[in-house]
Structure formats: C-alpha cells, structure tokens
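Let's take a walk through this structure together, one stop at a time. Have a look at it first, and then read on.

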Amino acid sequence: MTGKRPEDLRSHAWYGTDGLRSFSHRARTRQLGYLPEEHLGKPVIAVLNTWSDINPCHQHLRERAEAVKRGVWQAGGFPLEFPVATLSETFQKPTPMLYRNLLAMETEELLRSYPVDGAVLMGGCDKTTPALLMGAASVDLPTVFVPAGPMLRGHWRGQTLGSGTDMWKYWDDKRAGLIGDCELAELECGLARSPGHCMTMGTASTMTAAAEALGVTEPGASSIPAVDSGHSRMAAAAGRRSVELVWRDRRLSEFLTREAYQDAVATVVALGGSTNAVIHLIAMAGRSGVRLTLDDFDTISRRVPVLANLRPGGAHLMEDFHYAGGLPGLLARLIDHLHPDRPTIAHTTLREQLAGARVHDEDVIRSRDDPLSPEGGVAVLRGNLAPDGAVIKHIAAAERLLRHTGPAVVFEDYRAMLAGIDDPELDITADSVLVLRGSGPLGGPGMPEYGMLPIPDRLLKQGVRDMVRISDARMSGTSYGACVLHIAPESHVGGPLALVRTGDRITLDVPSRLLRLEVGEAELVRRRQRWQRPPKRYGRGYGALYQEHITQADTGCDFDFLARPGRVPAADAG
C-alpha cells in the first residue's frame, strides 16, 4: 500500500525537521494535548466540517466528524477537524450561492496553508459539495468526500411528503384556497423530520450523487439516509480511505478527469437532477483544468435516459432510491454511457466498483426498456433571448408548454414580482410568459433561486398549475414547472433579457432547443441604445470582490481569478 515514506509526507516539513520551527510546531501540538508519537510520521488528515447550529441539513455532521476521525485513527493517521463556512441553504440570504466561492476559497487556502497531507470534506446541502470540491481540486491533495445524506421522508395525513417539492405544491394549494391555516401548520410539522438534506432529487442529492459518480466518495455513499447507522460506518470508512490515499499518493486530479466529469453529467441526467448541477459541474471542472460546457450537457442529455423515478420529476424519494440499489444500481444500468475504465478512490476502475451492483425495485430505478423518459431531463436552449444559453428541466414541466408562444409579463426584479403577481389589475392569462430579470449572478446578487415564479392566485384558483416562466435566476432542484433559467448573459450586464417589454411575444421550443424574442432586430437595437446599466451594489467587502470578478452562468459563476490556470507558491513551513 505504501508509496510514500514518513519523511515524504507534506506535514514532515512542519513537524519532522531539526529546525526551530519544527520545535515550535511540536511544542504547540503538545499544547493541544498530543504526544509526538501520536502524530509524527503519520498522515495528517484535515476534516473539513460544514456543521453549524443553523444548518439543519448538516445537524448530524458534528457526530459524523467523530466517525471520520475514528477511521483516520484506525488507519494510522492523525485527524484534525476544521470548521468551515456552513452555507445553510434555508437561512442564508440573499442566497448561499453568493458565498459558494467564499467557501471554495476558504477550503483552498486552509488546505494549502496548514500541515495536512490529505483531506476529508464533509458537506451535502446544495452549495457545500461544489464549493468544497472546487477548493480541494485547486490544491490537489488526496481527498475523500463525505455526503451528508438525505433526511427521512415526510408524512402528512397518510401522504408521503418530499421536502421542497411538496412545500411548493401545498403552498400553491393554500393560495388557491384548497387548504387552510390548520392544514398548513400540520404540513409545517411533517415536512422535515430529521437531520439531512432534501430527500427529493433536489440540488443536494444531485450534487452528492455527482460526487459519487466522479469517484471521490465511498461506493454507495450519496444516498445513505443521514440518520441510518450505515452513514456513520461510511464516514469511518472515508477516514480510513483518506490515510490509504495519502500513503499511495493518489491525488484528487487522478480522479477528476474529463471522463469523470462527463460521467457526472450522465449521472445528473439519468437522475432527472437539478439544473443547478449545470453551473456547479462547469465550475468544478474548470478548477480541475477540464473544459466542460453547456453543449456537453445537451449532448449527453439527448442520449442518456432518465432511469430514476424520483421527485420532482417522478414519484419516489431518496430512501426508496437507496434501498432500491442506490447510485451503484443506477450506474450499472448505464455502463455503456460511462467511462468504466477510469479509477475511483475505492477501486482500480469504475467497472470494478459497479461489479455486482443490483436493482431491487424496478419502479424506483427503471430499466433501459422502461425509462421515466427516453432522454435526459435537462435541455440547453439558445436563441436571441439567450445567446450564451439557458436551461430548462423539461422532465418536470407540463408537456403542453414545451412548445409555446405567448405574450411577456415583465417584472424588473423579485420584489416587484412579489408586489405585483397577485394584483387583480395585472393583464395576464395562462398563455402569458412570466419574465423576471435582475436576478442573475450580479443582478440578484448571487443568482438566487427565484426562477420558479409564482403563478397568480386567481389563475391557481382556475386550476392553472404551470406556466412558462423565464429568468436569469436559478431555481431549487426540488422545484418543478416550465421554468427557463440561467439566461446568459444576464439582464444586469445588458443581456437581451434586459430589453424585453410586457406584451412582447416569446417562443419556447424545447424539442428545437430554442428560446426566441419575437421582436425585430432594429427595434432591439433602439432599446439597447436607451438601456442603462444598473449601479454597483457594493462599495466594499466581499460583495465588492464578488461583483468585480464573478463570471456568468454559462461558465460556472466562479471568480475569474480562481478559474484561470496559474502558479500558486507552496506553503513555507519555515
């Protein structure tokens, strides 16, 4: 197993020399309560933990960190736990997406500047998975990812609830007058019953599955329910694995290849996963020196079927998926769409890792002969309204709207939309196209999940449950509907979305991958000449850094100075 000697360890420069600094480092480690024989000559493993008191999705990670450390000790390593930004999806405003790159920076600089030989990354809720892996990829140490795992399914009056997805559904029922405050209070108590991230195929489940598909988790790790004892066993196994990877000098770059990212895209597609994965995987690939584009998503989506029958595009939840065979069972059915000879942290090849994988419920994980959809659930749209691309999760949209032309109803920003959407004087019908601008990477700021625009209450009461909605925002992976998202370039920088006026006709044609504003070019030129860019929001601080360096949605919303290649000097232990 050993490819390195103790003196070859990165941490040796801090602890193992005869100089003054090593003397100081050893003395301060004694101050922490450790004897030299507990850490000298052993791989030092950084355990990066996104736990906090305000992140219910990661509520259990405080305990799971102990399981990871147990595994590190068992394998002869020395674990050190580091608290990092929690990015609580529910509570952080205006959106944790604004801070994804901050966690990526923290991860990179922490791993680079401390005496660590390898890392275990603990995350799961939406932005933490890509952020941790982006930062770790930029440092390129031996690394294992520990997914937080989905929460238990919800319950209400004999019905099974899926967090996020059923929140949107029943909130619309309340606005339509179908349920009252009493029912809503009961739903509030039954929707989220345990630690763990959303148990639908939202962004959290999508991104942790992508991490498993990339080959940087323990096999089957991404679907283990957060409170299942198997989750603790997986965490300990990850700790042991991290030490093994250090001794064998198997760095993250060995696994995060173009083939691995293509397989992660195929996995997202087959799961009917979140549109947010498009932005995150492009950013992650960029940190790995891999070019991944919107066209890769569309090409793969056209040939890979949806096999996971999971909400919001299907019927089941993550517990069902796990016990039906989990990601190994699904990937085994897609092997001809993957690159099975690439390595994973646990096996010589992905093919070897999937050997013996089985499916135990044919309705949850469909066969190739009976897919939920014959092609993937994400489509990339282009046209004069989105010259650099837009996305739609068409598997979760009403089929009648996949080819649609209607008049625009334009809202300048999210607050204006909330204030006006239920106005009885608003000229709107079920055929209208709701348009929201000012919600992109700069306009949001941070590209909030505003893209599932609410349907006017009077239309809900008429039974309308889907309309074409267009924005430069994102939407929750638990959401559904004919929502066109991530329009690039965004309106805030003068993208064509900034030129749309109420009454303009807009055509959506998903089979043709088209999004078009039915306005003549001469008129658009006149509108552009009158357009003025909004003022900057931030005069200082992280917000100022963000607005000066953020890229657009089609290139991953990373910071330009982090996404580019370039030398970073090694940390000097002296």
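## Starting with the empty space

About 50 Å³ of space lies in the largest cavity. Keep in mind as we go that this is a predicted model. A search of the whole structure turns up three cavities of 30 Å³ or more, so let's see what surrounds the largest one. Its lining is made up of Val 278, Ile 279, Leu 294, Asp 388, Gly 389, Ala 390, Val 391, His 486, Ala 488, Ala 553 and Asp 554. Two elements, α12 (276–287) and β8 (386–392), each give two or more residues to that lining. The biggest share comes from β8, with four residues. By type, the lining of the largest cavity holds seven nonpolar, two polar and two charged residues.

The second largest cavity has about 40 Å³ of space. Around this one you'll find Met 97, Arg 100, Asn 101, Gly 446, Met 447, Tyr 546, Ile 550 and Cys 557. Here the lining splits into five nonpolar residues, two polar and one charged.

Now for a pocket. The second largest pocket contains about 390 Å³ of space. It is lined by 19 residues, and the closest to its centre are Glu 412, Asp 413, Gly 438, Gly 443 and Arg 537. Sorted by type, the lining of the second largest pocket comes out as seven nonpolar, seven polar and five charged residues.

Next, let's follow the charges. Side chains of opposite charge can pair when their charged atoms come close. How many salt bridges are there in this model? The count comes to 46, and three of them make good stops on our tour.

The first stop stays inside a single helix. Arg 175 forms a salt bridge with Asp 172, and their closest N and O atoms are 3.6 Å apart. Both residues sit in helix α7 (residues 165–175), three residues apart, which is about one turn of the helix. Are these two partners buried or exposed? Arg 175 has a relative accessibility of 15%, and because anything under 20% counts as buried, Arg 175 is buried. Asp 172 is buried as well, with a relative accessible area of 10%.

The next pair reaches from one helix to another. Asp 296 makes a salt bridge with Arg 258, with 3.0 Å between the closest N and O atoms. Asp 296 belongs to helix α13 (residues 294–303) and Arg 258 to helix α11 (residues 258–271), so this pair ties together parts that are 38 residues apart in sequence. Asp 296, at 15% relative accessibility, counts as buried, whereas Arg 258 is partly exposed, with a relative accessible area of 31%.

Our last pair joins two loops. The salt bridge between Glu 449 and Arg 474 has its closest N and O atoms 3.2 Å apart. Glu 449 is in the loop between β10 (433–436) and α18 (457–460), while Arg 474 is in the loop between β11 (468–471) and β12 (483–485), and the pair links distant parts of the chain, 25 residues apart. Glu 449 counts as partly exposed at 24% relative accessibility, but Arg 474 counts as buried at 0%. There's a wider web here too: salt bridges that share partners join Glu 89, Asp 126, Lys 127, Glu 449 and Arg 474 into one network.

From charges we move on to strands. Strand β13 (residues 505–509) is mostly covered, with four of its five residues buried. Which strands does β13 pair with? Strand β9 (residues 403–411) runs antiparallel to β13, and five bridges join them. In this pairing, His 404 stands opposite Leu 508 in β13. Strand β14 (residues 514–517) also pairs with β13 in the antiparallel sense, over four bridges. There, Asp 509 has Leu 514 in β14 as its bridge partner. The hairpin of β13 and β14 has four residues between the strands, and Arg 513 takes a positive phi near 55° in this hairpin.

Let's finish with a single residue, His 155, in strand β5 (residues 154–156). His 155 is partly exposed, with a relative accessible area of 41%. Leaving aside neighbours within four places in sequence, His 155 is in contact with Thr 160, Leu 161, Gly 190 and Arg 193. For a sense of scale, the C-alpha atoms of His 155 and Thr 349 are separated by 40 Å, and the two residues are 194 residues apart along the chain.

Conventions
Residues numbered from 1 in each chain as written. Predicted model: local features only at pLDDT ≥ 70, side-chain atom pairs only at ≥ 80, totals over all residues. Heavy atoms only, no water. 1 Å grid on protein atoms, 1.4 Å probe; cavity = no way out; pocket = protein on both sides within 12 Å on 5 of 7 lines; lining within 4 Å. Points joined across faces, edges and corners; volume = space filled by probe spheres on them. Nonpolar A, V, L, I, M, F, W, Y, C, P; charged D, E, K, R; others polar. Buried < 20%, exposed > 50% of the residue type's maximum accessible area, 1.4 Å probe, protein only. Contact = heavy atoms within 4.5 Å. Salt bridge = Lys/Arg side-chain N within 4 Å of Asp/Glu carboxyl O. Pairing = 2+ DSSP bridges.
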